[in-house]
Amino acid sequence: MIKRLTRKFFVRPTLEVAKDLLGKFLVRKYKNKILAGKIVETEAYIGPQDKASHGYKMKRTKRNRAEYLIGGHVYIYLVYGMYWQLNISTEKRGLPRCVLIRALEPVIIEENQKSKNKKLTSGPGKLCRYLKLDKSFYGEDLTKSKRIWIEDRGIKIKKSEIVARPRIGIDYAGKYWANKKWRFYIKGNLFVSKK
DNA sequence: GTACAGATTGAG
DNA sequence: TCAATCTGTACT
């Protein structure tokens, strides 16, 4: 059973969406080919109270406006001048909340190639490069787009398989927010980003 | 206008 | 351990 995730899936509490995205498939159509990967690691950013969120205190800039869209839209931006970060907006319009996709497990894959493919998608910057994502996807609607969407292929991740840990690279937000366990990944999965 | 640092990565 | 290199923000 394969079905595309609808608006309803994304318009729910951000922490639930972040956990439920584990085991779903991110699908990208590129030059008539399908690139897909199972989502194995996510992080939740919950503005306006979350100090690590770009929408802290409802801050709005040209770059982060997509974070305020209703759940199911792409919020993609450049960090460190070279890497794209793929986020998906959540909840209702006007709230700066989103889920960062941190790692995928590529679908293609012969078993003996696993170690080689690992470095393709085991990090937020790498998976965007792998899926050929860039600014042209800014604000794309995942429930309607013909070139990127998310599918439920019937895989169910048990609660006992989900690990919750502090988010990565946000020490600037202070101990309180940096220690929140809003990073989720599938226990034991090889493609989860390192650290 | 200038200075600075960030939701990262890979090389040394 | 550090450089690569773009963008928003906080200054001058």
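Aromatic rings of Phe, Tyr and Trp count as a pair if their centres lie within 6.5 Å. By that rule, Tyr75, Tyr77 and Tyr138 form one aromatic cluster. The model is predicted. It holds a protein with DNA strand B and DNA strand C. The points below take the DNA first, then the rings, then the charges.

**DNA strand B**

- Around DNA strand B there are 22 residues. Tyr83, Asn87, Gly125, Gly169 and Tyr172 come nearest.
- By class, this surface has 11 nonpolar, 6 polar and 5 charged residues.
- Of the strand B atoms within 4 Å of the protein, 60% belong to sugar or phosphate. The rest belong to bases.
- Tyr77 faces a base: one of its polar side-chain atoms lies 3.1 Å from a base nitrogen of DNA strand B. Tyr77 is also a member of the aromatic cluster with Tyr75 and Tyr138.
- Tyr83 has a polar side-chain atom 3.4 Å from a sugar or linking oxygen of DNA strand B.
- Gly125 uses its backbone: a polar backbone atom there is 2.9 Å from a phosphate oxygen of DNA strand B.
- Three elements give two or more residues to this surface: strand E5 (83-89), strand E6 (97-106) and helix H4 (124-130).
- The largest share, 4 residues, comes from H4.

**DNA strand C**

- Lys59, Thr61, Lys62, Arg63, Leu78, Tyr80, Gly81 and Met82 surround DNA strand C.
- Of the strand C atoms that come within 4 Å of the protein, sugar and phosphate account for 67%.
- The residues of this surface divide into 3 nonpolar, 2 polar and 3 charged.
- Tyr80 meets a base through its backbone: an N or O atom there lies 2.8 Å from a base oxygen of DNA strand C.

**Aromatic rings**

- The whole structure has 5 aromatic pairs.
- In one of them, the rings of Tyr75 and Tyr138 have their centres 6.3 Å apart and their planes at 85 degrees, so the pair is edge-to-face.
- Tyr75 lies in strand E4 (residues 74-79) and Tyr138 in the loop between H4 and strand E7 (148-152), so the pair ties together parts that are 63 residues apart in sequence.
- Tyr75 and Tyr138 are both buried.
- Tyr176 and Trp177 make another edge-to-face pair, because their planes stand at 90 degrees, with the ring centres 4.9 Å apart.
- The two residues of that pair sit in unlike settings. Tyr176 counts as exposed, at 56% relative accessibility. Trp177 counts as buried, at 14%.

**Charges over rings**

- The charged end of Arg60 sits over the ring of Tyr68, 3.9 Å from the ring centre.
- Arg147 lies over the face of Phe137, and the distance to the ring centre is 3.8 Å.

**Salt bridges**

- Side chains of opposite charge can pair when their charged atoms come close. A search of the whole structure finds 12 salt bridges.
- One of them joins Arg7 and Asp141, with the closest N and O atoms 2.7 Å apart.
- This pair links distant parts of the chain. Arg7 is in helix H1 (residues 7-10), and Asp141 is in the loop between H4 and E7, 134 residues apart.
- Arg7 is partly exposed, at 23% relative accessibility. Asp141 is buried, at 13%.
- Arg12 and Glu16 meet in a salt bridge, at 3.6 Å from N to O. Arg12 is partly exposed at 22% relative accessibility. Glu16 is partly exposed at 38%.
- Arg153 forms a salt bridge with Glu151, and the closest N and O atoms are 2.8 Å apart. Arg153 is partly exposed, with a relative accessible area of 28%. Glu151 is buried, with a relative accessible area of 11%.
- A network of salt bridges links Glu41, Glu43, Arg102 and Arg183.

Terms used. Residues numbered from 1 in each chain as written. Chains lettered and ligands numbered in written order. Predicted model: local features only at pLDDT ≥ 70, side-chain atom pairs only at ≥ 80, totals over all residues. Heavy atoms only, no water. Near = heavy atom within 4 Å. Polar contact = N/O pair within 3.5 Å; in protein donor to acceptor, adjacent residues only side chain to side chain. Nonpolar A, V, L, I, M, F, W, Y, C, P; charged D, E, K, R; others polar. Phe/Tyr/Trp six-rings, centres within 6.5 Å; stacked < 30°, edge-to-face > 60°. Buried < 20%, exposed > 50% of the residue type's maximum accessible area, 1.4 Å probe, protein only. Lys NZ or Arg CZ within 6 Å of the ring centre and 35° of its normal. Salt bridge = Lys/Arg side-chain N within 4 Å of Asp/Glu carboxyl O.
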